[in-house]
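Got the model open in your viewer? Here is a short tour, stop by stop, with what to select at each one.

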Amino acid sequence: MTAPAPAPDLIARFAVHGGRVDQARAWFPQVAAWTDLSTGIAPWAYPVAEPGEAPAPLPDPARLAELEARAAHAFGTVPDHVVAVPGSDLALRLIGAILPGPAGWVTPGYAGHRAMWPQDRAVALSRADFADVAGEHRHIVLARPNNPDGWCADANALAGVATRLATKGGWLIVDEAFADATPDDSVAGRGWPGLIVLRSFGKFYGLAGLRLGFVIAPPAIAGPLRAMLGDWPISTPALAAGIAAYGDTAWQSGQRQRLSEASERMAAQVAAAGLDIVGRTAFFTLVALPRRDALFAHLARAGVLTRPFAAQPTWLRLGLPGDVAGWQRVRDALASWSNDR
């Protein structure tokens, strides 16, 4: 039997961003346990030592320098080009404050890119023509891999865009929040003129609540950004976790293997349910279907929270379960959807 379409208000609440399990519990009180696939965050967290470094003392500037040096090594760049920030989303907004428009953000993409500049100083650009129209804008921002469909802009095309923007004092801002699963494809260490790269810590290391990210940029950007952040931009626990994680190459390798295997498994389950996959990264799978809202509600009633998108009414993104119960819950929910079609 075909399930009824959910109320528009339901979808609107979950189309803002992922991680709204509190809202899911309120809308579906009959669900006893939840598997949250809405965020795209790796479900296996780096094992931070407990109780960890005490948060009482002020963060040590020497530890901040150590963190930025380790991150720079991981990103393939030099420490004075790396600025630790309390989350890459905040970094986007600070960069928007530092850089005047006119600017363009490449769509479809991350909603935070639109929020970097006032509406009268930024316009949406399509993937097909953003490289060609670079001359009309001073700055351009895009994600690579893209959220939510995994699209990766051609690196050679990006090099040309960055160079053209740099000739007029502009910048290409590349958001690499999901790049740690495939670090060899990163542009962070390319050294192109006019290039700013953002990296997230929490998504790959499964510790989004620490609010840690990085901006990779030359001193012309890194200097003003450091001044805006002040002397203690990162908490003591986040410093400790970042220093340990960026030095743990064995764990990083294992995490990439876990993400790769889980991504393949999710894609296989989605395909077996007859759903069309329109994009993927190691962190999530994107499907498209006319009855997207009904599928979202069906999965939610089974305790599986996913991520719809307001601007793309057929898209639904599924992250990765982190345990056996989660995988079983997803498999059963997808199978029942397929059987009821």
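**Stop 1: the nonpolar cores**

Start inside this predicted model: the largest nonpolar core has 82 residues, and those with the most contacts within it are F130, L172, F214 and L275. A second core lies apart from that one, with 23 residues, including L92, V141, W171 and V215. Now go back to L275 and show what surrounds it. Leaving out residues up to four places away in sequence, L275 touches V270, V287, L289, L295, L334 and W337.

**Stop 2: a buried glutamine**

Next, select Q269, which sits in helix α10 (residues 249-272). Is Q269 buried or exposed? Its relative accessible area is 14%, so Q269 counts as buried, the cut-off being under 20%. Beyond its neighbours within four places in sequence, Q269 is in contact with W327, V330, R331 and L334.

**Stop 3: aromatic rings**

Switch to the aromatics: there are 16 aromatic pairs to find. Pick F14 and F296 for a tilted one, with 5.3 Å from centre to centre and 45 degrees between the planes. This pair links distant parts of the chain, since F14 belongs to helix α1 (residues 8-14) and F296 to helix α11 (residues 292-301), 282 residues apart. Both rings are hidden away: F14 is buried at 2% relative accessible area, and F296 is buried at 0%.

For an edge-to-face pair, try F28 and W34, at 6.2 Å centre to centre and 65 degrees between the planes. F28 and W34 are both buried.

Then select Y46, F75, F201, F204, Y205, F214, Y246 and W251 together; they form one aromatic cluster. You have met F214 already, among the residues with the most contacts in the largest core.

**Stop 4: the largest pocket**

Where should you centre the view for the largest pocket, with its volume of about 960 Å³? Use H17, Y110, A111, N147 and R307, the closest to its centre of the 39 residues that line it. Colour by secondary structure to pick out the elements that give two or more residues to this lining: α4 (88-98), β3 (103-107), α5 (111-114) and α7 (202-205). Recolour by residue type and the lining of the largest pocket divides into 19 nonpolar, 12 polar and eight charged residues.

**Stop 5: the cavity**

Finish with an enclosed space: the count gives one cavity of 30 Å³ or more. The largest cavity holds about 40 Å³ of space. To frame this cavity, select its lining: P59, D60, P61, L64, D231, W232, P233, I234 and L239. By type, that lining has seven nonpolar residues, no polar ones and two charged.

Definitions and conventions. Residues are numbered from 1 along each chain as its sequence is written. This is a predicted model: local features need pLDDT of at least 70, side-chain atom pairs count only at pLDDT 80 or more; totals for chains, interfaces and linings use all residues. Side-chain values use heavy atoms; hydrogens and water are left out. On a 1 Å grid over the protein atoms alone, a cavity is a set of points where a 1.4 Å probe fits but cannot get out, and a pocket is an open set with protein on both sides within 12 Å along at least five of seven lines; lining residues have an atom within 4 Å of a point. Helices (H or I, at least four residues) and strands (E, at least two) are DSSP runs, numbered from the N terminus. Ala, Val, Leu, Ile, Met, Phe, Trp, Tyr, Cys and Pro count as nonpolar, Asp, Glu, Lys and Arg as charged, and the others, Gly among them, as polar. A nonpolar core is a set of buried Ala, Val, Leu, Ile, Met, Phe, Trp, Tyr and Cys residues joined through side-chain atoms within 4.5 Å. Buried means under 20% relative accessible area, exposed over 50%, partly exposed in between (1.4 Å probe, protein chains only). Contact means heavy atoms within 4.5 Å. Grid points are joined across faces, edges and corners, and a volume is the space filled by probe spheres set on the points. Rings of Phe, Tyr and Trp (its six-membered ring) pair if their centres lie within 6.5 Å; planes under 30 degrees apart count as stacked, over 60 as edge-to-face and the rest as tilted.
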